[in-house]
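Student: Could you pick a single part of this structure and take me through it closely? I'd also like to see how that part sits in the whole.

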Amino acid sequence: MTTDQPTTDHLPAPQPDFTPDPVEGQRVFAEDRAHLFHSWAAQGAVNPIPVAGAAGRHFWDYEGKRYLDFSSQFINLNIGHAHPKVVAAIKEQADRICMIASTFANDKRGEAARLIAELAPGDLNHVFFTNGGADANEHAVRMARMHTGRPKVLSTYRSYHGGTSTAISLTGDPRRWANERSGSASGNVAHFFGPYLYRSHFHATTEAEESARALAHLEQVIAFEGPSTIAAILLETIVGTAGILVPPPGYLAGVRALCDKYGIVFIADEVMSGFGRAGEWFAVDHWGVTPDLITFAKGVNSGYVPLGGVVISDPILETFREVAYPGGLTYSGHPLACAAAVATITAMKEEGIVENAARIGEDVIGPGLREIAERHPSVGEVRGLGVFWAVELVRDRESREMLVPYAAAGAETRPVDEVVAACKERGMWPVYNYNRIHVVPPCNITDDEARQGLEILDEALAAADRHVD
């Protein structure tokens, strides 16, 4: 089952026996706004849609309107909504053991760790479980600092690594700024420019030039920061929220070589790109590179129960063979979360879901987006792998001026807001970030569903075209 679409007849109907209930929707909305504090938002501007249910690649509100989920929520529902095998595994585990401390051995905890380690490349044979991606990155950095005895970590400007203190400091995108102003971000982090040929910082015109010049820049940053002070280089294998930037050939291998040269730990952040999102179990597999640590979350169990972690290489494990690791979490390896991970990984293998993500990207989404780009002057570039794509919007293709400015807010975001509103009006829920629309549906999306979403995006981009100079 590696070339055909995944089996979907086991999935529930997109909207099973749902009767619209606007009154209940109003109650849900009122309770939310009366008591809930929303993340990354000015609370007075929050206006959430009450969601009544979800299944497969769709969710629906209390008015009965259905949305094709081209966002995978927070780009984490790799296996889609309400997958029955994962739901059944959570129920079965809840009937047996809901919670047991991480000091005990637990069958699903051990099985999940084994399955993840078996999927990881090279000698990454051990798993430390966390509650999500941010604390996975926090702990990976702590491990690297203790392993090397060095304090500093390098990460790219175009990146997002999480909202906790070290993770937000490592983050390059503008969400870092307010945390730095408030003193909430930690120190000992330096940023550099990663490869991004469409907006090259290195005046490159080819992928080969971009790769070589980006690596030369990184080595210069290492030299100026002091190699003996640098514990780790932390990279999203494919930059996610900050642009879905696929690294050019040779770049990750070059980073690996620089880390080996200077005794630096290479941490691959696969929180978003892992578990099928890029058409491989881990995105690093596209380039045959083995990091020292891999961080993961999101797709490991599609977020059905919060779970993240760090996959650890043998040499770093040895650092803590006789010395206690000074970190842990109450819910590390939570049985419900691990049962969901085992069921998710097993279902993805049985149903060819990772292969489906690769095929959909190559045969449907990639060609479809390139055709869309030809029709819309507002589209500057499309790029991606698997079910992990970005549509970069511009005011002028020649100058490549962004449709909305970097770190835009308020009225400046209107051109992209209009595209997003048009998508939602037509029944497709997108992801967007500044001047980009991200195409990131579940990995088990069907051909017809992918084409439907692309058709809606095609229509919605007329709103962006009106702002082209």
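Tutor: Let's begin with accessible area, which comes from the Shrake-Rupley method with a 1.4 Å probe, and for residues only the protein chains shown count as cover. By that method the chain's accessible surface comes to about 19200 Å², and 52% of this belongs to carbon and sulfur atoms. Keep in mind that this is a predicted model, where local features need pLDDT of at least 70, side-chain atom pairs count only at pLDDT 80 or more, and totals for chains, interfaces and linings use all residues. Residues are numbered from 1 along each chain as its sequence is written, and side-chain values use heavy atoms, with hydrogens and water left out.

The part I'd pick is valine 255. You'll find valine 255 in helix 9, residues 251-262 (helices, H or I of at least four residues, and strands, E of at least two, are DSSP runs numbered from the N terminus). Its relative accessible area is 0%, so valine 255 is buried (buried means under 20%, exposed over 50%, partly exposed in between, with a 1.4 Å probe and protein chains only). What does valine 255 touch, not counting residues up to four places away in sequence? Its partners are Leu215, Leu218, Ile233, Leu235 and Phe266, where a contact means heavy atoms within 4.5 Å. Take leucine 218: in sequence, valine 255 and leucine 218 are 37 residues apart, yet C-alpha to C-alpha they are 8.4 Å apart in space.

Now zoom out. The chain has 15 helices and 16 strands. Its radius of gyration is 22 Å, close to the 23 Å that the globule rule gives for 469 residues, so the chain is as compact as a globular protein of that length (the radius is taken over C-alpha atoms, and the rule is 2.2 Å times the number of residues to the power 0.38). Along the principal axes, the C-alpha atoms fill a box of roughly 60 × 60 × 50 Å. Valine 255 has plenty of company, too, as buried residues make up 55% of the 469 in the chain. And of the chain's contacts between residues at least 6 apart in sequence, 72% join residues at least 24 apart.

For contrast, try glutamate 459, found in helix 14, residues 447-460. Glutamate 459 is partly exposed because its relative accessible area is 46%. Its C-alpha is 10.0 Å from that of histidine 376, though 83 residues separate the two in sequence.

The loops have some oddities. Most residues other than glycine have a negative phi. Alanine 82, though, has a positive phi of about 55 degrees, and this alanine lies in the loop between helix 2 (72-75) and helix 3 (84-96). Lysine 298 also has a positive phi, near 35 degrees, and its place is in the loop between strand 9 (293-296) and strand 10 (308-313). Alanine 82 is partly exposed at 31%, and lysine 298 counts as partly exposed at 21%.

Last, the cysteines. The structure holds zero disulfides, meaning pairs of cysteine sulfur atoms within 2.5 Å. For cysteine 98, the nearest cysteine sulfur belongs to cysteine 338 and is 14 Å away. Cysteine 98 is partly exposed at 39% relative accessibility, whereas cysteine 443 is buried at 0%.
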